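Biologist: I should like a close look at one part of this protein, namely the empty spaces that its fold encloses. Please describe what lines them and how they relate to the rest of the chain.

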Amino acid sequence: MAKNNKSGPRKPGKLSVYLYIPNIIGYTRVFMNCYAFAICFSNKWLFCALYFISFVCDGVDGWCARKFNQVSTFGAVLDMVTDRISTACLLVILSQVYRPGMVFLSLLALDIASHWLQMYSTFLLGKVSHKDVKDSTNWLFKAYYGNRMFMAYCCVACEVLYITLFLLAKNDSEKLMDVLKASITEGSPISVLVGLSLFGWAIKQLVNVIQMKTAADICVLHDINKKVRP
């Protein structure tokens, strides 16, 4: 009797996963950001252009992952780490050119803490993606992760506000509130840009707070359930 030589789908090698198209875009983002931050004070406009292109590529690599069936855990982690580090670096720079600098360092801490807790709580619940919040009772949290356009607006608004503030800084001791008031009241296209960005930025920070509290609750409930198990 002839043997059945049929086998299941071929298992991809490690190198092939590292060389997925979206992951290559991710590596490009890393190098682009490294160069951008290296020249951020000597060429502000080029820095902002490179930083924003890298940010846009965050959406492009996600589209490529779905288009070419190259979604990977490594790619998702690479994406998040690149996003968090690039935003963190920009916030550190803003903390050096604006007073009080603690505002930006606090935003950095909130961003990292909320995303770290969200990722960890996702693993505790056995979910595949940290964006899976369908079981949340908070409508804003669900709307943020459930609507791609809404989330994209908030993320873009946040990055655009930070980039604009960096471009508006004339020296290394700017007063944050003075710059914001001047940019909003001067009646120029910058005023509209800052106003629209501030709204999206505020929503994203509120979502970060909700995310951090929700994820912390999940971690605490996990600990309680471990204690009561026989």
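Modeller: The account below begins with the whole chain, turns to the pockets and the cavity, and ends with some local features.

The model is predicted. The protein chain has 230 residues, of which 41% count as buried. Its secondary structure comes to 9 helices and 2 strands, and along the sequence these elements follow the pattern α-α-α-α-β-α-α-α-β-α-α. The C-alpha trace spans about 85 × 45 × 25 Å along its principal axes. If one takes the contacts between residues at least 6 apart in sequence, 71% of them join residues at least 24 apart. The chain exposes about 14100 Å², and carbon and sulfur atoms supply 68% of that area.

As to the method in general, rolling a probe the size of a water molecule over the atoms shows where empty space is left.

The largest pocket holds about 1500 Å³ of space. Its lining comprises 50 residues, and those nearest the centre are Asp-58, Asp-79, His-130, Lys-131 and Met-151. Six helices each supply at least two residues of this lining: H2 (21-38), H3 (44-67), H4 (73-97), H5 (102-125), H6 (139-146) and H7 (148-168). The largest share, 12 residues, comes from H3. By class, the lining of the largest pocket divides into 22 nonpolar, 16 polar and 12 charged residues.

The second largest pocket contains about 210 Å³ of space. It is lined by Val-77, Met-80, Val-81, Arg-84, Ile-112, His-115, Trp-116, Met-119, Tyr-120 and Phe-123. H4 and H5 each supply at least two residues of this lining, and H5 gives the most, with 6 residues. The classes here are 8 nonpolar, 1 polar and 1 charged. For helices in general, there are 3.6 residues a turn, so residues three or four places apart point the same way.

Besides these open spaces, there is 1 cavity of 30 Å³ or more. The volume of this largest cavity is about 50 Å³. Arg-84, Thr-87, Leu-91, Leu-107, Asp-111, Cys-158, Glu-159, Tyr-162, Lys-204 and Gln-205 form its lining. Arg-84 therefore deserves a second mention, and the reason is one of definition: a residue counts as lining when it has an atom within 4 Å of a point. Arg-84 appears in the lining of the second largest pocket and also in that of the largest cavity. At least two residues of the cavity lining come from each of H4, H5, H7 and H9 (189-228). By class, the cavity lining has 4 nonpolar, 2 polar and 4 charged residues.

Two of the helices that line the largest pocket may be followed further. H2 is one of the contributors to that lining. The 18 residues of H2 should span 26 Å at 1.5 Å a residue, and the end C-alpha atoms are 26 Å apart, so the expected and computed spans agree. In H2, the buried residues are Pro-22, Asn-23, Ile-25, Gly-26, Arg-29, Met-32, Asn-33, Ala-36 and Phe-37. These buried residues pack against H1 (14-18), H3 and H4. H3 and H4 also belong to the lining of the largest pocket.

H7 supplies residues to the largest pocket and to the largest cavity. Leu-168 is found in H7. When its neighbours within four places in sequence are left aside, Leu-168 is in contact with Tyr-98, Glu-174, Val-179 and Ser-183. The C-alpha atoms of Leu-168 and Ser-54 are separated by 21 Å, the two residues being 114 residues apart along the chain.

Two loops next to the lining helices carry backbone features that a computational chemist may wish to inspect. In the loop between H3 and H4 lies Asn-69. Its phi is near 55°, a positive value in a residue other than glycine. Asn-69 is exposed, with a relative accessible area of 67%, where exposed means over 50%. The loop between strand E1 (98-99) and H5 contains Pro-100. The peptide bond from Arg-99 to Pro-100 is cis, with omega near 0°.

Definitions and conventions. Residues are numbered from 1 along each chain as its sequence is written. This is a predicted model: local features need pLDDT of at least 70, side-chain atom pairs count only at pLDDT 80 or more; totals for chains, interfaces and linings use all residues. Side-chain values use heavy atoms; hydrogens and water are left out. On a 1 Å grid over the protein atoms alone, a cavity is a set of points where a 1.4 Å probe fits but cannot get out, and a pocket is an open set with protein on both sides within 12 Å along at least five of seven lines; lining residues have an atom within 4 Å of a point. Grid points are joined across faces, edges and corners, and a volume is the space filled by probe spheres set on the points. Helices (H or I, at least four residues) and strands (E, at least two) are DSSP runs, numbered from the N terminus. Ala, Val, Leu, Ile, Met, Phe, Trp, Tyr, Cys and Pro count as nonpolar, Asp, Glu, Lys and Arg as charged, and the others, Gly among them, as polar. Contact means heavy atoms within 4.5 Å. Buried means under 20% relative accessible area, exposed over 50%, partly exposed in between (1.4 Å probe, protein chains only). Accessible areas come from the Shrake-Rupley method with a 1.4 Å probe; for residues, only the protein chains shown count as cover. The expected span of a helix is 1.5 Å times one less than its number of residues.
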